[in-house]
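This report goes through selected features of the structure shown below. Helix packing comes at the start, followed by single residues and an overview of one chain.

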Amino acid sequence: MANPNPLQRFGPEWIERIRGGDEAAFEALFRTFAPWLCTFVARYVGSRAAAEDLVQDLFLALWKNRSELRIERSVSTYLFHAAKNRALNYLRNEQTRERFRAALLERSDLPSTIDESEILELLEVQKAIEDLPPRCRLIFTLNRQQGLTYDEIADSLGLSIKTVETQMGRALKALRAKLLSFRHS
Amino acid sequence: MRPTFDGDRAPSGGMFDAKNDDETDWVLIARYLAAEASPAEEAELRRWIAGGPDRQDELAALRRLWDQAGALPSSSRVEAMWQAIAREIRASDEPAGARNRRAWVAVEARAAPPPAYRLLARRLREISRRPAARLIAASLAVAAAGVLAWRAYPSWHARIVAMADPGREYRTEHGQRAEIQLRDGTRVDLGPASKLRVRFSGEKGPREVHLEGEAVFDVVHDAKRPFRVHSANGVTEDLGTKFAVRAYPDDDRVQVVVVEGLVALRPSNAPQRSGTILGPGQLGRLDLAGKVEVTSGVDTAAYLAWTRGRLVLDQAPLREVARQLERWYGVAIEIPDPRVAEKRITLDIPLRALTEALNAVTVPLELRYERKADSIVIHP
């Protein structure tokens with residue numbers, strides 16, 4: 001059975017609450033969307049740190065202008081459009097233009113938004129990783145999120161390469177079992 | 001000998017149907033996706049793909065899953081981001097211009113700052129050695145400008161955001177924090193009364209920093225350029241991480257807490273590839289004799305609470321609390337009665353006015369404090 005869509009609660013009443021200055025509602029919106037906005041913006045600007053700054057600015061501006069907040073379409077679409085605009089403005093900035101001119105050309109094929117279904121998929125992946133057994137999860141996240149090689153992981157944790165390989169295989173198998181069958185059904 | 005996975009229930013509609021498929025080599029596929037496969041292994045994978053009708057599609061689906069697993073942001077960053085936003089919006093009665101943390105703004109403290117604060121402003125401009133310019137938010141523009149910018153909190157705690165060139169020394173006074181971004185993208189949150197000296201050897205060599213005091217490091221991992229924090233008698237080496245190091249001159253040990261990833265902690269005179277590995281949620285204490293004691297499952301948020309403007313201590317003796325308060329408020333705190341000094345208290349307070357902090361400590365323990373000319377004395 002599919003998980004309930006966590007994004008669906010951000011409907012018109014939620015926006016109304018934020019317009020009225022409800023900080024808790026604003027925080028919930030931030031915590032749900034910020035990670036995906038960062039990933040999305042980072043694809044444009046090439047740096048996680050810059051992406052985080054831009055996303056923070058986006059939310060701060062949203063809060064500052066909350067009394068005029070008007071979201072016609074889905075909240076996701078609104079946020080991703082706003083994020084994309086900030087990313088493009090950032091790239092157009094004089095000081096960064098030179099460095100990123102080449103990058104900008106390469107990135108013209110980037111998707112204009114991440115839609116809700118992709119966010120939901122990423123949330124599922126995150127949950128599935130959290131459900132891995134602890135050592136398996138540690139090894140998997142060191143490789144996938146910290147970018148360590150098998151050798152580096154083996155060295156750091158004092159394990160054999162074989163163990164690292166086995167755990168990576170197990171992680172892949174577990175994730176596949178949880179995620180791909182769901183998607184194909 | 002490749003492992004087999006018979007006996008697994010095939011998911012409905014799934015392609016790896018245990019009944020039709022002889023074996024699925026997850027280890028091999030993982031190695032391939034992780035770019036660890038040798039040419040021979042890649043050839044083997046191609047043979048496997050050719051062996052079944054849907055395997056190419058399956059591999060593509062697995063590749064997508066793999067990429068998604070690598071694209072997830074870390075939850076600790078979200079927390080840090082939210083704390084920064086929360087601070088801004090709670091103080092949001094400021095006019096919009098003053099809040100722009102990307103502009104170089106002259107400090108306008110709302111409470112009267114202590115004289116030391118103004119001296120510090122001058123001192124930091126001297127350290128900077130470059131004309132004040134607009135501070136650029138992007139970490140990638142770091143190399144272009146070494147700029148200092150100010151932002152005053154409502155209290156007199158100042159936060160300096162510095163874009164650093166390696167080879168510099170950064171110093172904070174009591175009650176002050178600095179956020180420093182190094183050229184390699186690593187971020188350092190420097191605590192009060194601390195010194196950080198950055199020594200990178202060019203673009204290729206190891207990245208060494210020297211710390212006296214306390215800092216949180218969010219390191220951009222590079223296996224070819226190890227990141228090492230030298231402090232007191234210890235060296236903490238990054239293995240892909242976010243971690244906090246505390247080593248004040250008046251501490252009797254180097255303390256390291258790991259939030260994400262791994263570090264290796266060893267005495268300075270121990271060989272390079274040695275050391276105690278610390279993982280997320282672990283606290284390592286290196287004593288003067290070079291021995292490392294490890295505690296697991298610590299509340300890392302408590303150890304990093306100061307980066308969010310809070311002081312969090314769990315059943316800490318008063319003498320330890322007093323030391324922390326001294327670093328944050330720049331006042332000397334005396335506890336003449338040794339029994340009082342050993343009383344324990346649990347605290348979770350914002351780092352705001354000193355009187356607030358003193359009350360939070362003395363009231364629950366039924367103590368009182370007295371302000372003298374140069375110090376604060378705590379009595380029963």
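## Helices H7 and H9 of chain B

In this predicted model, B:Leu318, B:Val321, B:Leu325 and B:Tyr329 of H7(B) are in contact with B:Leu354, B:Ala357 and B:Val361 of H9(B). The residues of this contact comprise seven nonpolar, no polar and no charged.

Helix H7 of chain B covers residues 318–329, and its axis lies 12 Å from that of H9(B), at an angle of about 175°. Angles over 145 degrees count as roughly antiparallel, and H7(B) and H9(B) are therefore roughly antiparallel to each other.

## Helices H1 and H2 of chain B

A second helix pair in chain B is formed by H1 (residues 26–33) and H2 (residues 39–50), whose axes come within 10 Å and cross at roughly 120°. The angle falls outside the ranges for roughly parallel, perpendicular and antiparallel, so H1(B) and H2(B) are oblique to each other. Their crossing is left-handed.

On the H1(B) side, the contact involves B:Leu28, B:Ile29, B:Arg31 and B:Tyr32; on the H2(B) side, it involves B:Glu41, B:Glu42, B:Glu44, B:Leu45 and B:Trp48. By class, the residues of this contact are five nonpolar, no polar and four charged.

## Buried strand residues in chain B

B:Leu190 belongs to strand E5 (residues 187–190) of chain B. Is this residue buried or exposed? With a relative accessibility of 0%, B:Leu190 is buried. Beyond its neighbours within four places in sequence, B:Leu190 contacts B:Tyr170, B:Thr172, B:Gln176, B:Arg177, B:Ala178, B:Ile180, B:Leu196, B:Leu211, B:Glu214, B:Ala215 and B:Trp306. One of these, B:Leu211, is 21 residues away along the chain, with a C-alpha separation from B:Leu190 of 9.2 Å.

B:Leu211 also touches B:Ser231, a residue of strand E8 (residues 227–231) of chain B. Other contacts of B:Ser231, with residues up to four places away left out, are B:Val245, B:Ala247 and B:Val254. The relative accessible area of B:Ser231 is 1%, and the residue is therefore buried.

## Positive phi angles in chain B

Most residues other than glycine have a negative phi. Which phi value does B:Gln315 have? The phi of B:Gln315 is positive, at about 50°, although the residue is not a glycine. B:Gln315 sits in strand E14 (residues 310–317) of chain B. Its relative accessibility is 42%, so B:Gln315 counts as partly exposed.

B:Glu366, likewise not a glycine, has a positive phi near 55°. B:Glu366 is located in the loop that runs between helix H9 (354–362) and strand E17 (368–371) of chain B. This loop residue has a relative accessible area of 70% and is therefore exposed.

## Chain A overview

How many helices and strands does chain A have? Chain A contains nine helices and zero strands, and from the N terminus its elements run α-α-α-α-α-α-α-α-α.

Chain A has 185 residues, of which 47% count as buried. Considering contacts in chain A between residues at least 6 apart in sequence, 63% link residues at least 24 apart. The exposed area of chain A is about 9,000 Å², and 50% of that area comes from carbon and sulfur atoms.

Terms used. Residues numbered from 1 in each chain as written. Chains lettered and ligands numbered in written order. Predicted model: local features only at pLDDT ≥ 70, side-chain atom pairs only at ≥ 80, totals over all residues. Heavy atoms only, no water. Axes fitted to C-alpha atoms, helices over the stretch in contact; angles between N-to-C directions. Helix = DSSP H or I, 4+ residues; strand = E, 2+ residues; numbered from the N terminus. Parallel < 35°, antiparallel > 145°, perpendicular 65-115°, else oblique. Left-handed = near helix turned anticlockwise from the far one by under 90°. Contact = heavy atoms within 4.5 Å. Nonpolar A, V, L, I, M, F, W, Y, C, P; charged D, E, K, R; others polar. Buried < 20%, exposed > 50% of the residue type's maximum accessible area, 1.4 Å probe, protein only. Areas by Shrake-Rupley, 256 points an atom, 1.4 Å probe, with all protein chains shown as cover.
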